[in-house]
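Student: I have a model open and would like to learn how to read helix packing and the contacts with DNA. Where do we start?

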Amino acid sequence: MDVSHLIDDLNDAQRQAVTLDDGHCLVLAGAGSGKTRVLVHRIAWLIQVEHVSPMSVLAVTFTNKAANEMRGRVEELLQIPSSGLWIGTFHGICHRILRLHSAEANLNPTFQILDSDDQYRLVRRTIREMQLDEGEFPPRVVQGFINARKDDGVRPDHIEHHGNPLTMQMVEIYRIYQGACERSGLVDFAELMLRTVELLRDNPNRLRHYQDRFSHVMIDEFQDTNTLQYALVKLLAGGARTRVFVVGDDDQSIYGWRGAKVENVQHFVNDFKPEIVRLEQNYRSTQTILEAANRVIDHNEDRMGKNLWTEGEQGDPVRVFSAYNEDEEAEFIVGRIQDWLESGRKPSEVGVLYRSNAQSRLFEQALLRADIPYRVYGGLRFFERAEVRDALGYLRLVHNPLDDAAFERVVNVPARGIGERTVAGLREAARAQDISLWDATRRQLAAGNLTGRARNALGAFVELIEMLRAEAGETDLGGIMGRIIKRSDLIQHYLAREPADRAEARQENLDELVRAAENFDQSMEDEQAGLSQTASFLTQAALEAGEHQGEKWQDCVQLMTLHSAKGLEFPLVFMAGMEEGLFPHQKSVEEPGRLSEERRLAYVGMTRAMEFLYLSYAESRRLHGQTMFGRPSRFVGELPPELIEDIRPQLNVSQARAPRASGGGLPSLGARVRHAKFGAGTVLTIEGQGDNARIQINFDDAGQKWLVAGYATLEPE
DNA sequence: AATATGCTAGTTTTT
DNA sequence: CTAGCATATT
């Protein structure tokens with residue numbers, strides 16, 4: 001069989017990785033070095049050349065997008081459907097394993113996935129039930145605590161609280177929250193992983209089964225794995241003949257704050273003694289861009305070491321623009337985009353990257369004024385929208401009466417006169433008898449424990465759900481979904497409560513939801529696992545929240561955070577807001593170890609650019625309602641001068657705009673002043689007027705001080 | 001139960 | 001400044 005197509009267009013390093021015929025492998029894949037290609041060709045090579053059964057290959061990614069792309073490309077290369085081959089996200093794979101062995105995992109066979117929004121609600125509910133102060137135990141923080149413990153593989157009993165009462169209380173919330181999940185048959189995202197690891201750890205037979213089955217385990221974006229994911233890899237790789245092939249880039253590890261452990265790359269080297277292959281040839285960017293990115297990342301310590309190069313052109317210098325303020329920065333960028341479009345190139349070839357979402361507004365406004373189409377990444381995805389979640393809440397309750405989270409969500413949406421007091425009574429009854437809210441409601445009704453209004457309202461609600469449940473038995477998924485939306489009166493609810501355009505958008509999304517249900521095709525695996533059509537649909541809604549914005553692909557300028565940009569590429573890239581405090585973010589500067597992650601983020605941003613790269617910063621910026629004077633980001637300073645073109649050389653703030661402080665009156669914002677004791681500094685803030693004014697000054701040597709104008713003697717410098 | 005007002009905090013995100 | 005949330009009011 002001719003297999004040359006599998007290796008012909010690969011470079012030496014890529015080919016070495018693809019054809020490696022023994023042992024484990026770590027591919028250190030630089031940005032734009034063709035790592036997906038290597039993974040895909042590796043899988044094809046194993047199957048076609050080494051005659052490995054597709055059943056024996058497990059390929060794991062972090063996102064559905066990556067999994068889908070990999071599957072598509074494998075099928076394209078092999079020219080056959082990739083049946084038997086397991087390709088999926090960590091969570092998708094774990095979900096599958098848990099479905100297959102729900103009994104051994106001590107899970108209700110009809111368990112459903114609790115997504116972050118419903119997890120948050122359940123955690124908040126738990127805190128309230130425990131009569132704890134939400135100020136002292138913010139649900140967000142507790143949710144993060146629980147997930148972080150789970151990501152570390154830790155159950156409440158094993159958390160070291162060192163007698164710290166706050167920690168002990170959080171552990172207790174974790175415990176009670178977990179109990180509520182179990183009773184309702186709900187599994188959160190982290191739990192999918194943790195249960196699977198526990199299942200395999202405590203079940204030697206099951207473990208051996210998977211170890212025997214998977215002779216090849218491949219992991220994408222290995223630098224993003226957390227403790228639990230690494231544990232899973234180690235378990236699966238415990239089999240004598242299992243070979244592990246991981247691809248990653250320590251320089252692109254930007255998710256440490258959510259539990260990713262770059263150290264896993266080093267651990268992998270120590271634990272598995274893999275062959276290490278470096279992919280350093282880049283097929284994306286110009287020499288200049290790569291050199292600049294290399295020089296920035298070079299300031300980090302403890303790297304595995306890697307130097308990107310290209311056979312491509314030198315290219316233009318990296319352009320650095322120093323704007324007077326954030327408005328001028330946005331104007332500049334939009335002006336350059338206009339030039340780009342006038343030269344005949346496309347909006348979709350442009351990426352505007354920034355550190356935090358709040359920065360998008362400026363660019364949205366400026367692009368709107370210039371009438372340039374744009375798309376902002378982030379925000380809610382289809383299955384995360386409130387109306388979709390509300391409708392799915394009904395489906396969940398219809399499907400599983402034990403699902404208290406779903407019950408809470410829909411019992412009074414739309415408002416049907418079931419108030420907080422009524423629901424509180426139901427919760428108490430449910431807890432007292434250790435039954436679900438649904439059963440408690442039915443018993444309360446049957447026992448005649450409820451008074452007039454509440455009884456009628458709850459009676460109608462129960463009737464509604466039971467009617468839907470009866471109908472569910474007689475029609476298909478699309479039919480049920482349609483009836484849920486019709487009978488629940490959700491659309492009326494939005495129309496009455498919200499402005500027309502908003503409500504119409506919700507209505508369209510609900511129509512879309514019905515269409516999605518109608519067109520839903522259950523996978524063979526789900527069917528074999530004994531899942532109902534509805535259960536599959538709900539699972540997919542939780543596990544794959546859908547496209548961002550759900551809009552059809554348009555030719556738009558792409559606005560996104562640096563984090564979202566990972567994995568993407570654009571001919572023209574702007575990195576905006578390159579200021580100390582903003583990027584690197586202040587919080588990352590303060591916490592040790594976080595700065596190098598910020599630098600990796602800068603590296604990720606720069607390596608998105610194919611042809612042209614602009615970095616810009618504003619000398620003054622309104623932030624939290626105050627005008628701040630920042631310094632350019634240290635990352636700008638780390639660029640080699642010979643690769644840079646300064647579009648506007650940085651001016652001293654006082655020369656640029658600010659009139660000099662004049663005797664008598666108040667100095668201007670940004671003015672340079674001199675104080676007898678503190679020396680020279682820059683005026684940051686002025687509050688009030690005349691002699692009572694308070695002036696904040698950033699002294700070059702003494703740091704930031706607040707002074708009162710009437711007492712402090714300030715000389716213009 | 002829906003609306004008005006006041007207060008506070010303010011990175012990054014996938015599953 | 002402003003969005004999101006909690007409390008107060010009708």
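Tutor: This is a predicted model. We start with handedness: H5 passes H7 in a right-handed crossing.

Student: How is a pair of packed helices described?

Tutor: Two numbers serve: the angle between the axes of the helices and the distance between those axes. Here helix H5 (residues 116-129) packs on helix H7 (residues 165-184) at an angle of about 120°, and their axes are 10 Å apart. Angles of 65 to 115 degrees count as roughly perpendicular and those over 145 as roughly antiparallel, so H5 and H7 are oblique to each other.

Student: Which residues of H5 and H7 meet?

Tutor: From H5 come Gln 119, Leu 122, Val 123, Thr 126 and Ile 127, and they meet Ile 173, Ile 176, Tyr 177, Ala 180 and Cys 181 of H7. By class, this contact has eight nonpolar residues, two polar and no charged ones.

Student: At what angle do helix H6 and H7 pack?

Tutor: Helix H6 (residues 139-151) and H7 pack at about 80°, with their axes 10 Å apart. H6 and H7 are therefore roughly perpendicular to each other. On the H6 side are Val 141, Val 142, Phe 145, Ile 146, Arg 149 and Lys 150; they meet H7 residues including Met 170, Ile 173, Tyr 174 and Tyr 177. This contact divides into nine nonpolar, two polar and two charged residues.

Student: Now the DNA. How many residues surround DNA strand B, and which are the closest?

Tutor: There are 28 residues around DNA strand B, the closest being Asn 64, Arg 355, Asn 357, Thr 561 and Arg 594. They divide into six nonpolar, 17 polar and five charged.

Student: What reaches the phosphate oxygens of DNA strand B?

Tutor: Take the contacts one at a time. Asn 357 has a backbone N or O atom 2.7 Å from a phosphate oxygen of DNA strand B. Thr 561 places a polar side-chain atom 2.7 Å from a phosphate oxygen of this strand, and for Arg 381 a polar side-chain atom lies 3.0 Å from one. Helix H25 (562-565) and helix H26 (586-590) are the elements that give two or more residues to the surface near DNA strand B.

Student: Which part of DNA strand B faces the protein, backbone or bases?

Tutor: Of the strand B atoms within 4 Å of the protein, 47% belong to sugar or phosphate and the rest to bases.

Student: And which residues are around DNA strand C?

Tutor: Glu 134, Arg 361, Arg 622, His 624 and Gly 625. By class, that surface has no nonpolar, two polar and three charged residues. For DNA strand C, 50% of the atoms within 4 Å of the protein belong to sugar or phosphate, the rest to bases.

Conventions
Residues numbered from 1 in each chain as written. Chains lettered and ligands numbered in written order. Predicted model: local features only at pLDDT ≥ 70, side-chain atom pairs only at ≥ 80, totals over all residues. Heavy atoms only, no water. Axes fitted to C-alpha atoms, helices over the stretch in contact; angles between N-to-C directions. Helix = DSSP H or I, 4+ residues; strand = E, 2+ residues; numbered from the N terminus. Parallel < 35°, antiparallel > 145°, perpendicular 65-115°, else oblique. Left-handed = near helix turned anticlockwise from the far one by under 90°. Contact = heavy atoms within 4.5 Å. Nonpolar A, V, L, I, M, F, W, Y, C, P; charged D, E, K, R; others polar. Near = heavy atom within 4 Å. Polar contact = N/O pair within 3.5 Å; in protein donor to acceptor, adjacent residues only side chain to side chain.
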